[in-house]
Amino acid sequence: LPMLGMPSQMRGAFLWKTRSPARQVRWDAARRSRSHEPMPDPATFQIAERSVGHDAPCFVIAEIGINHGGDEASCADMIEAAAASGADAVKLQTVTPEVSYHPDTESYRLFHRAVLSESSMLRLMAEAERHGVVLFSTPGDPPALALLDRLDIPAIKISSGLLTNLP
C-alpha cells in the first residue's frame, strides 16, 4: 500500500513497525538514529565469533565445494591450503544424491562420488578449527540440511539455485 507524502525513511520505518516483532528492532533503531542515540548495524552478524559486515575486516571464504571428490584427505589438504592462503573460512557443498538427482544422470554420478560421511565432516570441522578457519557448507536438499544441523555447523549458505525452489 503506497504511503504518499511521507519521506521514504518514514515509509520504511512505518512498514517495519507494522510487519513483525523482529522488525520492531529496526523501528527502534531508526527512532534512535533520529534522537542521536547509537544505532546497531543490522548488516553485521557473527560466524563462529567473527564479525562479518560493516566495519569488520574482510571475511575471505575459500570455495572447496565438491572439488575434494569425496576424499577426506584431499579435502583436509584443501583446508590447510586455504588457511595458508589467508582464508577465514572454507565452504563445502553437501548433497544427498539419491534425493536430489535421478540415478541415470551425470549430476547423480558426480555428487555420489563426492559424498563425505558424517564422521568425515566432523573430522574436517576439527581440521578447519585446527588451522584457524571456519568450515561451513551449502546443503542441496533437506536431508543435507538436517545433516549440517546435526553437525552444528556455524553457518549455512543457501544455494542461489534454491532461493526460488519451494519444496
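These are my notebook entries on a predicted model, covering a sheet, the helices on it and a few single residues.

**Entry 1, the sheet.** I looked up the strand order first. The model has an open sheet of three strands in the order 3-4-5, with parallel pairing. Strand 3 (61-65) and strand 5 are the edge strands, each pairing on one side only. Direction ignored, neighbouring strands of this sheet are turned by 25° against each other on average.

**Entry 2, helices on the sheet.** I then checked what packs on this sheet. Helix 3 (residues 72-84) does, and touches strand 3, strand 4 and strand 5. The direction of helix 3 makes about 165° with that of strand 3. Helix 6 also packs on the sheet, touching strand 4 and strand 5. Its direction makes about 140° with that of strand 5.

**Entry 3, strands 4 and 5.** I went through the pairing of these two strands. They run parallel and are joined by six bridges. Val 90 stands opposite Leu 135 in strand 5, and Thr 94 stands opposite Pro 139.

**Entry 4, burial of strand 5.** Is this edge strand enclosed or open? I found six of the six residues of strand 5 (residues 134-139) buried, so the strand is largely enclosed by the rest of the structure. Going face by face, I noted Val 134, Phe 136 and Thr 138 on one side, and Leu 135, Ser 137 and Pro 139 on the other, all buried.

**Entry 5, Ala 89.** I picked this residue in strand 4 (residues 89-94). Ala 89 counts as buried because its relative accessibility is 0%, with the cut-off at under 20%. Leaving out residues up to four places away in sequence, I listed its contacts as Phe 59, Val 60, Ile 61, Ala 62, Val 133, Val 134 and Phe 136. I also took the C-alpha separation from Ala 89 to Ile 79, which is 8.7 Å for residues 10 apart along the chain.

**Entry 6, Glu 127.** This residue is placed in helix 6 (residues 118-130). Is Glu 127 buried or exposed? At 18% relative accessibility Glu 127 counts as buried, because the limit is under 20%. Apart from neighbours within four places in sequence, Glu 127 is in contact with Ala 76 and Ile 79.

**Entry 7, cysteines.** I searched the whole structure for disulfides and the result was zero. I looked at two cysteines one by one. Cys 58 counts as exposed at 64% relative accessibility, whereas Cys 75 counts as buried at 0%.

Notes
Residues are numbered from 1 along each chain as its sequence is written. This is a predicted model: local features need pLDDT of at least 70, side-chain atom pairs count only at pLDDT 80 or more; totals for chains, interfaces and linings use all residues. Side-chain values use heavy atoms; hydrogens and water are left out. Buried means under 20% relative accessible area, exposed over 50%, partly exposed in between (1.4 Å probe, protein chains only). Contact means heavy atoms within 4.5 Å. A disulfide is a pair of cysteine sulfur atoms within 2.5 Å. Two strands pair if DSSP finds at least two bridges between them. Axes are lines fitted to C-alpha atoms, for helices over the stretch in contact, and angles run from 0 to 180 degrees between N-to-C directions.
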